[in-house]
Amino acid sequence: MSRAVQDPFQRLLRWYPRRWRQANGEVFVGTLRDQAEHEHRAAPTAGDSLSAVVNGIGLRLDARVALWSALVAIGLGACSWLALLNGLGGAPWAANVVGIVTVGVVPALAVVAMIAVMRDRGWVTAPRALITILALVTSLALAALAKLSWAQGFRLADQNLPQTGLADAWGQLFVVAWVVGAAAIALLVDGLLHRTRWPWFARMPLAALVGILAAPAAGVALINPTMAVVVAGFAALMALSTLSGRRVRRSPAATRTREARSSDDRTAVRWLTGLSAIVGMFGVAYALTGAAWSAGAADGTVAMGQGITILLAAAIPLLTAVALTVSRRHGRAAVSGPIGLVILEVTAVAVAYVSAPAWDDMAPWMAVSAIFGGGAVAWWAIPRIRGPLGLRVAVGVALGVGYAVLFGTTTIPLLAFTVPVFAVVVALVGTRSSRKLIAPTAPDPTAALSA
Amino acid sequence: MNKHMGILQGLEYGVRMPAALNQPSFWILTALASRRRHGYEILRETAEASQGSVSLKVATLYAALERLEADGLIAADGEEIVAGRARRYFVITDDGASRLSAEVEQMERSARAARTQLALHKFAFTPVEGIAW
């Protein structure tokens, strides 16, 4: 054992991150020694040690930890869903592993990511962040056990067996998970409100109320892997933004590019959105009433599938209009690339719905659409999020994979019926005459004459 | 603050005001208000000025110093090695002095309001010996 580790004052430094030790270690130990000498001690007090442990570990919860926790959570969530979609490969142990990952590991990592990024941004202190994480992870573990207890209780009830063991403990597990989760959320909310001038009698009851109300909702939401991945994705973006440490500054040239909208573009947007709105409304009408009058629709289900295909076809001119409307300050490829992939995604879903409701025929096209959708999300995100290129690519790819696996086959069909509404919105936004080219201010030559 | 201000307006006022200084930050700024000090001096001065009501741990002190430095309220002012021990000095910035003044003003306003209410309710205001504020 080295001399540094044997020294009781130096030993406390081990709890701190290396960067902090390098910047403050000697001064920190010097102050500890000054105080100990004054109090005739040869070692730190228990209070000093505990304080160093809590602050040191808390300081390790930074944006980097947040980012990697979030990325691992997204990756594990996506892998678990893929495993579930493949029937767990037929392995009997796989169900337990996937269950532990989706209900335990992914939510815990999402919580660590969120709290770590809040700590790094100075919203909560290091000790409060650490205590909150410990309490929230405990609460989530209890909530996961409660979920297992509920499932086991159902199985036993189906077999007409008495509720014993874990199945019998559902009520206790739920209540303890709620109490611990409420305390953790209240601690967090109180920490966030601490910077205000609200008196304690306003702050603490509010924090407690938020904790009591939010704990069950947050618990149920987080042990759902989809929601946990969404939270992790949000934390990853916040962490990356913190790591980059800079805000996007819009240069005058960028502003001009953003605002410039030629009359040709506006005319094209008007025609494209008009076409989308008309074809989209026909698609809605067909989906709802086609079975009554169309020879091609044998029944309501077939009409619905064909109506969705028409709606998705109507989305293609709408997406083209969107490409002409959105800002191009990240470059033309950063707009046309992802929107092109979305058009391919929509086309694949439209082709899939031609075969509706025969899922076996639809599935390959839906899988293709999910891949295009994931690619679009990644391509859209990478140029827009902030930070070093490697991290941006990692976060963009994680978001893309997360979207493809969790939402890739459901989002587009759900949004199909909104095409006429979006067409009207894009028409209103994209053809506003107030959008004018911002030219550099030049002196008015007539001003001198009028003077 | 208007004495007829409602609870919601009061809460809104609370949010819009600069963030309240917590106890460690308040006493650290107070310790640095008179001159530059190193870590252990700040600990001693804080304990003396607060008459023992605030006793910071070294880890808490450095966490608070780091936060105050990040907020621009204090600044590092050189390091020295004394008897083989590293000492870093800290000094209050102009922003820190303004922030402390604003905090003190706020406390005085609160104290005045409390005294006024006590007087209205016929209680005599009797400061307790040994309590700083």
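**Helix packing, a small sheet and a chain contact in a predicted model**

Val397(A) belongs to helix 16 of chain A, which spans residues 389–406. The structure discussed here is a predicted model.

Reader: Is Val397(A) to be classed as buried, partly exposed or exposed?
Author: Val397(A), in helix 16 of chain A, has 19 C-beta neighbours inside 10 Å. A residue is buried at 20 or more such neighbours and exposed at 12 or fewer. Because its count falls between these limits, Val397(A) is partly exposed.

Reader: What distance separates the C-alpha atoms of Val397(A) and Val377(A)?
Author: Val397(A) and Val377(A) are 20 residues apart along the chain. Their C-alpha atoms are separated by 8.2 Å.

Reader: How many helices and how many strands does chain A have, and what percentage of its contacts between residues at least 6 apart in sequence join residues at least 24 apart?
Author: Chain A has 19 helices and 0 strands. Of its 451 residues, 43% are buried. Among contacts between residues at least 6 apart in the sequence of chain A, the share joining residues at least 24 apart is 75%.

Reader: Are helix 14 and helix 15 of chain A roughly parallel or roughly antiparallel?
Author: Helix 14 (residues 333–354) and helix 15 (residues 359–384) of chain A have axes 8 Å apart and pack at an angle of about 165°. Angles over 145 degrees count as roughly antiparallel. Helix 14 of chain A is therefore, with respect to helix 15 of chain A, roughly antiparallel.

Reader: Which class of residue, nonpolar, polar or charged, has 18 members in the contact of helix 14 with helix 15 of chain A?
Author: The crossing of these two helices of chain A is left-handed. Helix 14 of chain A contributes residues including Leu341(A), Glu345(A) and Val349(A), and helix 15 of chain A contributes residues including Trp365(A), Phe372(A) and Trp379(A). The contact of helix 14 with helix 15 of chain A holds 1 charged residue and 4 polar ones, and the class with 18 is nonpolar.

Reader: How are helix 8 and helix 9 of chain A oriented to each other?
Author: The axes of helix 8 (residues 170–193) and helix 9 (residues 200–222) of chain A come within 7 Å and cross at roughly 130°. The crossing of helix 8 and helix 9 of chain A is right-handed. An angle of roughly 130° is not over 145 and lies outside 65 to 115 degrees. Helix 8 and helix 9 of chain A are therefore oblique.

Reader: How many charged residues are there in the contact of helix 8 with helix 9 of chain A?
Author: Among the residues that meet are Trp178(A), Ala182(A) and Asp190(A) in helix 8 of chain A, and Arg203(A), Ala207(A) and Pro216(A) in helix 9 of chain A. The contact of helix 8 with helix 9 of chain A divides into 17 nonpolar residues, 3 polar residues and a charged group of 2.

Reader: Which strands of chain B stand at the edges of the sheet?
Author: The open sheet of chain B has 3 strands in the order 1-3-2, with antiparallel pairing. Each edge strand has a single partner strand, so one side of each is left without a neighbour in the sheet; these are strand 1 and strand 2 of chain B.

Reader: Which residue of strand 3 of chain B is the bridge partner of Val82(B)?
Author: Strand 2 (residues 74–82) and strand 3 of chain B run antiparallel and are joined by 7 bridges. Their hairpin has 2 residues between the strands, and Ala83(B) takes a positive phi near 50° there. Elsewhere in this pairing, Ala75(B) has Val91(B) as its bridge partner, and Glu80(B) stands opposite Arg87(B). The bridge partner of Val82(B) is Arg85(B).

Reader: Which element gives the largest share of the side of chain B that touches chain A?
Author: In the contact between the chains, 22 residues of chain B touch 24 residues of chain A. The elements of chain B that give two or more residues are helix 1 (7–16), helix 3 (39–49), helix 4 (58–70) and strand 3 (85–92). This side of chain B comprises 13 nonpolar, 4 polar and 5 charged residues. The largest share, 7 residues, comes from helix 4 of chain B.

Methods:
Residues are numbered from 1 along each chain as its sequence is written. Chains are lettered from A and ligands numbered from 1 in the order in which they are written. This is a predicted model: local features need pLDDT of at least 70, side-chain atom pairs count only at pLDDT 80 or more; totals for chains, interfaces and linings use all residues. Axes are lines fitted to C-alpha atoms, for helices over the stretch in contact, and angles run from 0 to 180 degrees between N-to-C directions. Helices (H or I, at least four residues) and strands (E, at least two) are DSSP runs, numbered from the N terminus. Angles under 35 degrees count as roughly parallel, over 145 as roughly antiparallel, 65 to 115 as roughly perpendicular and the rest as oblique. A crossing is left-handed if the near helix is turned anticlockwise from the far one by less than a right angle, and right-handed if clockwise. Two residues are in contact if their C-beta atoms, placed from the backbone, lie within 7 Å. Ala, Val, Leu, Ile, Met, Phe, Trp, Tyr, Cys and Pro count as nonpolar, Asp, Glu, Lys and Arg as charged, and the others, Gly among them, as polar. Two strands pair if DSSP finds at least two bridges between them.
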